[in-house]
Amino acid sequence: MSKPEFDHARAERAVRELLFAIGEDPDREGLKETPARVARSYAEITAGLGMQASDVLTTTFELGHDEMILVKDIEVWSMCEHHLVPFTGVAHVGYIPGTDGRITGLSKLARLVDVYSKRPQVQERLTTQVAESLVELLKPRGVIVVIECEHLCMTMRGVRKPGAKTITSAVRGQLRNPVTRAEAMSLIVG
Ligand SMILES: Nc1nc2c(ncn2[C@@H]2O[C@H](COP(=O)(O)OP(=O)(O)OP(=O)(O)O)[C@@H](O)[C@H]2O)c(=O)[nH]1
Ligand SMILES: [Zn+2]
């Protein structure tokens with residue numbers, strides 16, 4: 001699949017239109033550079049659209065490790081696809097290597113979260129995409145992904161419930177076993 005290109009000129013035109021729509025003057029001093037800034041900012045916060053999991057899950061090692069590996073508290077900044085405002089929190093990503101004992105670099109798990117969070121998203125899909133790409137690319141015996149986020153669309157507008165957290169999980173393979181799952185959850189919560 002070819003990478004979608006970010007169209008800066010189009011984004012700038014759209015921001016200029018939006019400024020008109022809210023009754024602002026995009027040509028006034030303080031706003032002159034705003035369309036270009038917002039376009040650059042959107043290119044950055046949607047950069048995951050131009051990437052796929054295989055771009056980041058590159059380094060794998062044959063370590064013969066067959067116990068769970070868990071990276072917790074990975075910072076998440078994503079964008080709610082309904083309102084285009086951020087949702088933010090943490091992701092916990094764990095897996096039990098496959099029978100070949102192949103593992104990946106720890107940072108790659110955090111990069112994987114970035115691939116799927118840097119785009120318009122819903123939290124449920126983000127959670128499943130991270131889990132399923134690990135299943136596909138690492139062939140692990142089990143995977144657990146738990147994501148806890150606060151959605152600014154529920155905080156700064158609409159229902160206005162600051163502090164409300166949404167928790168989603170995706171569990172695959174041996175981590176569905178109640179004992180293994182409980183061990184993973186105790187590491188995440190503890
Ligand atoms: N399931 C799910 N819902 C989300 C997510 N992000 C935002 N939403 C919800 O998407 C819904 C969109 O509802 P709509 O009724 O179409 O939009 P709205 O009128 O702006 O809704 P309010 O936010 O209730 O004011 C809202 O209930 C949001 O809370 C997400 O990641 N997952
Ligand atoms: Zn929203």
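Which residue in strand 3 stands opposite tryptophan 77? I will start there and work outwards. This is a predicted model. The residue in strand 3 that faces tryptophan 77 across the pairing is threonine 88.

That pair sits in the link between strand 2 and strand 3. Strand 2 covers residues 69–80, and strand 3 covers residues 86–96. The two run antiparallel, and 9 bridges join them. They also form a hairpin, with 5 residues between the strands. Leucine 84 takes a positive phi there, near 55°.

Now the other partner of strand 2. Strand 5 runs parallel to strand 2, and 2 bridges join them. Here methionine 79 stands opposite proline 120 of strand 5.

Next, the sheet as a whole. It is an open sheet of 5 strands, ordered 5-2-3-6-7, and its pairing is mixed. At the edges are strand 5, residues 120–121, and strand 7, residues 166–173, each pairing on one side only. As a general point, side chains in a regular strand alternate between the two faces of the sheet.

Last, ligand 1. Which residues surround ligand 1? The list is Cys80, His82, Val122, Gln123, Glu124, His151, Cys153, Met154, Gly158 and Val159. Sorted by class, this shell has 5 nonpolar, 4 polar and 1 charged residues. Cys80 belongs to this shell, and residue 80 is also where strand 2 ends.

How values were computed: Residues are numbered from 1 along each chain as its sequence is written. Chains are lettered from A and ligands numbered from 1 in the order in which they are written. This is a predicted model: local features need pLDDT of at least 70, side-chain atom pairs count only at pLDDT 80 or more; totals for chains, interfaces and linings use all residues. Two strands pair if DSSP finds at least two bridges between them. Helices (H or I, at least four residues) and strands (E, at least two) are DSSP runs, numbered from the N terminus. A residue is near a molecule or strand if its C-beta atom, placed from the backbone, lies within 6 Å of it. Ala, Val, Leu, Ile, Met, Phe, Trp, Tyr, Cys and Pro count as nonpolar, Asp, Glu, Lys and Arg as charged, and the others, Gly among them, as polar.
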